[in-house]
Each structure stands twice: as structure tokens, then as C-alpha cells.
Amino acid sequence: MARTTTPSYRCSACGWESPRFVGRCARCQEWNTLEQALAAPNRAVPAARRPAAVAPAPTLTFAEVVEDADTRLRTGIPEFDRVLGGGLVPGSIVLAGGDPGIGKSTLMLQAAARLAAAGARVAYVCGEESPRQVKMRAARLGAESAPITLIPETNLDSALAAAEGAGATVAIVDSIQAMYVEGLETRTGGPAQLGEAGARLVSWAKSTGTATLLTGHVTKGGEIAGPRLLEHLVDAVLYFEGAEGGTLRVLRAVKNRFGATDEVGVFEMTGDGLRSVENASAAFLEGADPEASGCAVTAVIEGTRPIAVEVQALAVPSYLASPRRVSSGLETSRLHLLLAVLARRAGLSAGQMDVVATVSGGLRLRDPAADLAVAAALASAIRDQPLDRSVALLGEVALSGAVRPVPNAARRLAELGRQGFDRCIVPPGTPPVEGVTLIPAANLKAAIRLALGAPKPAPEPAE
Ligand code: TYD
Ligand code: MG
């Protein structure tokens, strides 16, 4: 019989387990991240002691599986329902993560109020804030009179018992890190606590059929604390994104068992809560300055919809030995890569310049189809020469400088057309679309020439 180990220490950063305490995690090499985990029960029962008569589990064929009618609970917040894949599924668990102050509690309370008004029984576990604070927020949202059951409790089991007692069909736990499970020796919000709390919540939600929403803080690394533990347990994981100081919020589904992943909901934070933004492109393009250099527009596909966004770049002479490269909404490695391709393949070097690149509205660019627009924004910034504002760009850029085709080109172009971009620089072979004039460019150098014209007489020496 195989020996069973009972891991009793777990890394809070990556989830690695060790039977002994060690100062440094062997997987992610972080120091002081190991914490005591709940010892797994020894499940190996010797064959001789196994009960003789085990009731066999029921079996089914597809034909026998009864399809449920659509029982989703609509939150009544269009962009939230979109990200959820149409609404909350009874018995499922959704985790909403994001930086403190981004609007998690606001969205939960707005959803709670709408659901309660529509007849759902909503229990709101406020583990983090006092009922007075929640009431003040509700007043701000105009939801003070909503028939919501508040449960000010941090003991998870008591809170769930109270929610069950109140006959909740929807339970909101704000936040999961504030809750603790009795009998565990570890700190509240630590991985052992989170793992156990998550497991209890899942079985509770399934057994009671309660649609459960959790909020979770994000660590400095941008992940929900104890991410592996929770992400695998819950049915859907949504992350809030948004530029610091900005009012636009993007709620992105990174996992969804009941809907499309990578679907996004776009909101605007207003004086009285989050407002759903239907025309996302217009919101992301708002405030763009046609005269500024370093700005380029493209269309990304977020979940099921195309969204037009603006990439902004700035390049200024650097006084540092190694000039700075700063990006937000864009991987720094992508910025480095595109700067390298620009230098080598288009003769545009930012060698002695500090370079900053951002994406409008705080959206995180993941779509490689935005490469060409990022490169064009960088080229325009390096040359301090604005791009023609009626031209958008689409294309993935290869290390060779080749402009590669992008998926869903027709939908992206149609969206750009709707936003008033009647010309677009595209990869060769892109099928025509009504209302947008396509300007094919085979490589980055050609694309930059088309977007910016010929270089000024005295170009800077290469790196
Ligand atoms: P909150 O939902 O408490 O964030 P989280 O739960 O993610 O930490 O939102 C806090 C911020 O939102 C705070 O800075 C105030 C702002 N806010 C508004 O601008 N309008 C509103 O109607 C509300 C309720 C909050
Ligand atoms: Mg909160």
C-alpha cells in the first residue's frame, strides 16, 4: 500500500506543500511564506476494513439527464449579467477580486439591492465593514429600503447558518479574507483558512442551492490572495481592472463554468454607484487628443465583443544610464519586445529615451492584435509626430517585423468604423469591410511609413 503523506505546511504564494516547516518555498523560492495547513485526513483505509456492501452511485445516460429550465437569477445590472454569462446560477459560487477601493462592495450591494427588489432573498455577510458603513453605502446607492438581510459576522459557519436561517437564495460574503473557520490555528485570510473556507462555502452553496458571491482582495502580485486554492474551488472568477484615479472599471471573467471566459463588463464609477457602460469603445476613446503624438487606436476582442481602445506612449530624452521603460495595461516585456523590433526592423530607436506606454481607461491589453497600434504609438512618440486620427491599426507584429493577420478582423473593423475610423492599416489579405478603407502593410516599416509618413530629415543614430 502506498504511504500517504499529510502535508502540514503550505506556501501562501504558490500553494506548494511540505510536510516540514522550511524558511523558503522550494517551488517559488519566496521566503517566509510557509504556513500551517489543515492536515489532510488519512484516507487510505486498508482493504480488509472497507465496508463490504457499498451502495453503488447512480449512473445516467445523456438521454436521462434532465436539462434545467433557465433558472439564472438576473442581477439587473446589464454588464454584470453579461460577465456572469446571463446571471447567477443557483448553487454556484462566484469570486470577484480586485484592488481595495475599486468597487467590489459597491457592485455587490447594487446587485444585492436589485436581486432583493426582484424577489430574491439576499443575505449580505459584512465581515469587513460594520452594518453602519454598509448602510451608508446603501444610502449613497439609493438602496436603503432594499429588503436585504445583513449578517455582521466573521465566523464563516455562523454566518452561513444565519444565511440559511434567513432562507437566503443569494448570499454575498464581503470579503472572503475577513472570514475565519473555527479550529484552525492559522491566521484569518491565510491560505489554510481560505482553502478551508472555500471548501465549506462550495459544499454549502451546492447543498442549499444558494447562489453565492464572494469578494476577495488582490495581492501586490495582482492575484487574489491564496489564488490557487480559491480559483480551483469556485465556479467563476471575476477581476476588476481600472486605471488609478480613473472612473472606468472593467470586470473580467478569467474563469467561468457557466459562461464565456474573458468576457468583460464595463462600468463607470459615479457618485451613486457603478453604471453599466453599453458603448464601451466610446468610453475608452473619450478624451483622446487628436493633436498629441504617441496615440494610436486599435480594436481588441474582449470576450464576445470588440472594443476600440487607444494606446498612448511618451518618449523623452533620458538622463539615466539605462533609460526607463514603464507601462500600464500592457506587459513590460511586450513593450521591450516592440521597442526592439522597432529599432531593428524600422530603424526607430528609443535607446536614449525614457518610454512610457499606457492603455486608455485602464484596460489590460492581452490581445496580440494590438501590437501594431502599440508599435505605431511608440514610433509616433519617438518621432514626436502625431498619427492621423482617422486611421486605426490592426495587426500582430512578428520579431521579423512582419505584420501578421488577426482573428475576427471583420468584427474589429466594423467596430472601428462605428467609432468613426474610416481607414485602417491592416495585415495583407484582410477581407474588405463596408465603410472602412483598408490599407494593407506587410511589415512594420511599411506600416509606420503609412501611418506617419517619411521620417524627418535628420534621424537619430541607431542604438
Ligand atoms: P468599494 O466598493 O468600497 O471598493 P472595494 O469594496 O473594492 O474596496 O468602493 C470604494 C470606492 O468607490 C471609494 O473610493 C468610493 C467610491 N464610490 C463612489 O465613487 N461612488 C459610490 O457610489 C460608492 C458607493 C463608492
Ligand atoms: Mg469592500
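**Figure 1. Glutamate 129 and its surroundings in this predicted model.** Leaving out the neighbours within four places in sequence, glutamate 129 touches Ser105, Val134, Arg137 and Asp174. With one of these, arginine 137, there is a polar contact from side chain to side chain, at 2.7 Å. To find the spot, look at the loop that runs between strand 5 (122-126) and helix 3 (131-140), where glutamate 129 sits. Is glutamate 129 buried or exposed? Its relative accessibility is 18%, so it counts as buried, the cut-off being under 20%. For a sense of scale, the C-alpha atom of glutamate 129 is 23 Å from that of glycine 242, a residue 113 places away along the chain.

**Figure 2. Serine 175 and the cis peptide bond before it.** Here we're in the loop between strand 7 (170-174) and helix 5 (191-208), which is where serine 175 has its place. The bond to look for joins aspartate 174 and serine 175: it's cis, with omega at about 0 degrees. That's worth a pause, because most peptide bonds are trans. Serine 175 is buried, its relative accessible area being just 1%. Which residues does serine 175 contact, once neighbours within four places in sequence are set aside? They are Glu128, Thr215 and His217. With glutamate 128 the link is a polar contact between the two side chains, at 2.6 Å.

**Figure 3. Helix 4 and its buried face.** Helix 4 covers residues 156-165, and its buried residues are Leu156, Ala159, Leu160 and Ala163. Seen down the helix axis, these buried residues fall within an arc of 95 degrees, so they line one face of the helix. The spacing fits a general pattern: an α-helix has 3.6 residues a turn, so residues three or four places apart point the same way. What do the buried residues of helix 4 pack against? Their partners are strand 5, strand 6 (148-151) and helix 5.

**Figure 4. The two ends of helix 4.** At the N-terminal end, asparagine 155 acts as a cap: one of its side-chain oxygens lies 3.1 Å from the backbone nitrogen of aspartate 157. Past the other end comes glycine 167, which follows helix 4 and has a positive phi, near 70 degrees.

**Figure 5. An edge-to-face pair, tyrosine 9 with phenylalanine 21.** The structure holds two aromatic pairs. In this one, tyrosine 9 and phenylalanine 21 meet edge-to-face, with 5.6 Å from centre to centre and 70 degrees between the planes. The two residues are 12 places apart and link distant parts of the chain: tyrosine 9 belongs to strand 1 (residues 9-11), while phenylalanine 21 is in the loop between strand 2 (17-18) and strand 3 (34-36). Tyrosine 9 is partly exposed, at 21% relative accessible area.

**Figure 6. A tilted pair, phenylalanine 240 with phenylalanine 267.** These rings have their centres 6.5 Å apart and their planes at 55 degrees, so the pair is tilted. Phenylalanine 240 is part of strand 9 (residues 236-241) and phenylalanine 267 is part of strand 11 (residues 264-270), so the pair ties together parts that are 27 residues apart in sequence. How buried are the two partners? Phenylalanine 240 has a relative accessibility of 4% and counts as buried; phenylalanine 267 is buried too, at 0%.

**Figure 7. The largest pocket.** The volume of this pocket comes to about 420 Å³. There are 18 residues in the lining, and those that lie nearest the centre are Asp99, Gly242, Ala243, Glu244 and Gly362. Which elements give two or more residues to the lining? They are strand 9 and strand 16 (353-359).

**Figure 8. Two residues other than glycine with a positive phi.** Most residues other than glycine have a negative phi, but here are a couple that don't. Aspartate 384 has a phi near 45 degrees and lies in the loop between helix 9 (371-382) and strand 17 (391-393). Aspartate 384 is exposed, with 57% relative accessible area. Asparagine 408 has a phi near 55 degrees, and you'll find this residue in the loop between strand 19 (403-404) and helix 10 (409-418). Asparagine 408 is partly exposed, at 39%.

Technical notes:
Residues numbered from 1 in each chain as written. Chains lettered and ligands numbered in written order. Predicted model: local features only at pLDDT ≥ 70, side-chain atom pairs only at ≥ 80, totals over all residues. Heavy atoms only, no water. Helix = DSSP H or I, 4+ residues; strand = E, 2+ residues; numbered from the N terminus. Buried < 20%, exposed > 50% of the residue type's maximum accessible area, 1.4 Å probe, protein only. Contact = heavy atoms within 4.5 Å. Polar contact = N/O pair within 3.5 Å; in protein donor to acceptor, adjacent residues only side chain to side chain. Phe/Tyr/Trp six-rings, centres within 6.5 Å; stacked < 30°, edge-to-face > 60°. Arc of directions from axis to C-beta. 1 Å grid on protein atoms, 1.4 Å probe; cavity = no way out; pocket = protein on both sides within 12 Å on 5 of 7 lines; lining within 4 Å. Points joined across faces, edges and corners; volume = space filled by probe spheres on them.
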